[in-house]
Amino acid sequence: MTATQTQLTFEQLIPTAPQGRFQGIQRNYTPEDVLRLQGSIPIRYTLAEIGANRLWELLHTEDYINSLGAMTGNQAMQMVRAGLKAIYLSGWQVAADSNVAGAMYPDQSLYPANSGPELCRRINKTFQRADQIHHSEGKNGIHWFAPIVADAEAGFGGPLNSFEIMKAYIEAGAAAVHFEDQLAAEKKCGHLGGKVLIPTAAQIRNLNAARLAADTMGVPTLVVARTDAESATLITSNVDDRDLPFITGERTVEGFYRLKPGSGLAHCIARGLAYAPYADLLWWETSTPNLEEARQFAEAVRSKYPDKLLAYNCSPSFNWKANLDEATIAKFQKELGAMGYKFQFVTLAGFHSLNYSMFELARGYAQNGMAAYSELQEAEFASEVHGYSATRHQREVGTGYFDSVSMAISGGQSSTTAMASSTEAKQFQPIDEYQSTHATIDYNNGHETIHAEVDSAIYHCVREAKALADVDETEFINQVYRCVQHVKASENFHEAHYARIKEAYREIEEFARVDDD
């Protein structure tokens, strides 16, 4: 080993990591181990690298980051468009409807282990297409590649399996990956019974393996340690002294040891303290949304590790209104954030949103036919003021983008582009025509102005009225009125936008009636 190699640091091996990124992080291996395992050709994992660094920054600059679980790429895309800054990838949802086996499973690690990384890759490919479409249209106002926090369950085995699935998630572009301390062979959803813990030392080996995988790939991927000790009733072994205070000594028919009832929170705290040096975030899975218990865990951990980041599952397995009043629900995440729970998420939001919305559409459709679908479409139109754009589904998935590709290939002479002759182009106005803009209308030869925020489609009509500045108020009002009536009569129009236009028209009318003095 050369002198240069002996001076290696982890910061040198991962030069893109922010300053201080690994402060307080313990590894049970050396930089030389990493160098030996990296291989001879350095490979950059750009999406994982960008995502990890962006997530790290957000966790240190925002009060907290709240996220929803996405089952598909399009769900994740809508989350970003709506303003969420990170995406959660749930193993439960992978099991239910997003695994490569094409089967529906409960959350018991029954699906192929590469399913989660494949969903992660799918989400990032959707982000890439959305970014390409956005950029090709001359827009760059959305950071599409939101960091993905992904579920590695119990590692699908031991340390070597944890090492490999961490690598697979990094290749797919994950920013952070969490590992839970259950026995992989008996893994259950954190809100099911029958959970079996592995010894504290065994989980530390898995966390260490995940960190080693990230280091060998040169990416500062965040390692998230989750404990299920709050509601687990069994543990595989009494080999670790740190677990002994929570074990009864009684054995099950499978040979597992029983855990002491009522010791869950204390056990979580003990495990959280043990995992803290090896993890970037700590997550303890809870049975109810309890702020007082969350505070006890946070204070216990942060008394020893003041800067340790925490994560909290705002689970749909909780009956929220049965546990908390509306005022507490409203402030729940803000209070958690103040305790240090910087990453908060609704694990199964995609599953519940998909199933409920489709059930309601199908129920209405069964009763009312196309009237039900028309209501959905009108709701989509109304949501466009907030940035929604999937009403125009052809544009949303990239038809216009690939028309641009065709035009570039053919030197601008293609006669087979798809979008211009589509029903979408003929029956739906371009999305930009529904985006709000500030229209300045000069009145009385430019000596007075009115600032009215109206749709850009109406803006052009009002510009025509502007040309009549030399006529009297009545003619000015009539011109604007004719414009609004024309747009109302358009087959491309709908009531949500008409309401906004009428409001702008009333402002114009009121201004025009004011005395000159």
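Reader: What percentage of the residues of the protein chain count as buried?
Author: Happy to start there. This is a predicted model, and its protein chain comes to 21 helices and 14 strands. Of the 517 residues of the chain, the share that counts as buried is 48%.

Reader: Among contacts between residues at least 6 apart in sequence, what share joins residues at least 24 apart?
Author: A contact here means heavy atoms within 4.5 Å. Counting the contacts in the protein chain between residues at least 6 apart, the share that joins residues at least 24 apart is 70%.

Reader: Let's turn to charges. How many salt bridges does the count come to?
Author: The rule asks for a side-chain nitrogen of Lys or Arg within 4 Å of a carboxyl oxygen of Asp or Glu. Lys 139 and Glu 137 meet it at 3.3 Å, N to O, and Arg 242 meets it with Asp 240 at 3.0 Å. By this rule, the count is 28.

Reader: Is Asp 240 buried or exposed?
Author: The cut-off for buried is under 20% relative accessible area, and exposed means over 50%. Its salt-bridge partner, Arg 242, has 42% and therefore counts as partly exposed. Asp 240 has 8% relative accessibility, so Asp 240 counts as buried.

Reader: How many residues apart in sequence are the parts that Asp 280 and Arg 211 tie together?
Author: The side chains of Asp 280 and Arg 211 meet in a salt bridge at 2.9 Å, N to O. Asp 280 lies in the loop between helix 10 (264-275) and strand 10 (281-284), while Arg 211 belongs to helix 9 (residues 200-216), so the parts tied together are apart in sequence by 69 residues. As for their surroundings, Asp 280 and Arg 211 are both buried.

Reader: Now a look at Asp 151. Which side chain of opposite charge is nearest to Asp 151?
Author: Asp 151 is found in strand 3 (residues 148-151). Asp 151 is buried yet has no salt bridge. A salt bridge needs the N and O atoms within 4 Å, and the nearest side chain of opposite charge is 5.2 Å away, that of Arg 226.

Reader: Which side chain makes a polar contact with the side chain of Asp 151?
Author: Leaving out residues up to four places away in sequence, Asp 151 touches several residues, including Tyr 88, Trp 92, Tyr 169 and Glu 180. The side chain of Asp 151 also reaches the backbone nitrogen of Gly 91 at 2.8 Å. The side-chain partner, at 3.5 Å, is His 178.

Reader: Which residues are linked with Arg 226 in a network of salt bridges?
Author: Arg 226 is the residue named above as the nearest opposite charge to Asp 151. In the network, Arg 226 is linked with Asp 107, Glu 180, Lys 187, Asp 228 and Glu 285.

Reader: What is the volume of the largest cavity?
Author: The whole structure holds 5 cavities of 30 Å³ or more. The largest of them has 19 lining residues, and those closest to its centre are Trp 92, Asp 107, Arg 226, Glu 285 and Thr 347. Its volume is about 130 Å³.

Reader: Which helix gives the largest share of the lining of the largest pocket?
Author: The largest pocket holds about 970 Å³ of space. Its lining counts 30 residues, with Ser 353, Ser 357, Leu 376, Glu 380 and Tyr 388 nearest the centre. The elements that give two or more residues are helix 5 (73-82), helix 14 (349-368) and helix 15 (370-383). The largest share, 12 residues, comes from helix 14.

How values were computed. Residues are numbered from 1 along each chain as its sequence is written. This is a predicted model: local features need pLDDT of at least 70, side-chain atom pairs count only at pLDDT 80 or more; totals for chains, interfaces and linings use all residues. Side-chain values use heavy atoms; hydrogens and water are left out. Helices (H or I, at least four residues) and strands (E, at least two) are DSSP runs, numbered from the N terminus. Buried means under 20% relative accessible area, exposed over 50%, partly exposed in between (1.4 Å probe, protein chains only). Lys and Arg count as positive and Asp and Glu as negative; His and the chain ends are not counted. A polar contact is a pair of N or O atoms within 3.5 Å; within protein, one must be able to donate a hydrogen and the other to accept it, and residues adjacent in sequence count only if both atoms are side-chain atoms. On a 1 Å grid over the protein atoms alone, a cavity is a set of points where a 1.4 Å probe fits but cannot get out, and a pocket is an open set with protein on both sides within 12 Å along at least five of seven lines; lining residues have an atom within 4 Å of a point. Grid points are joined across faces, edges and corners, and a volume is the space filled by probe spheres set on the points.
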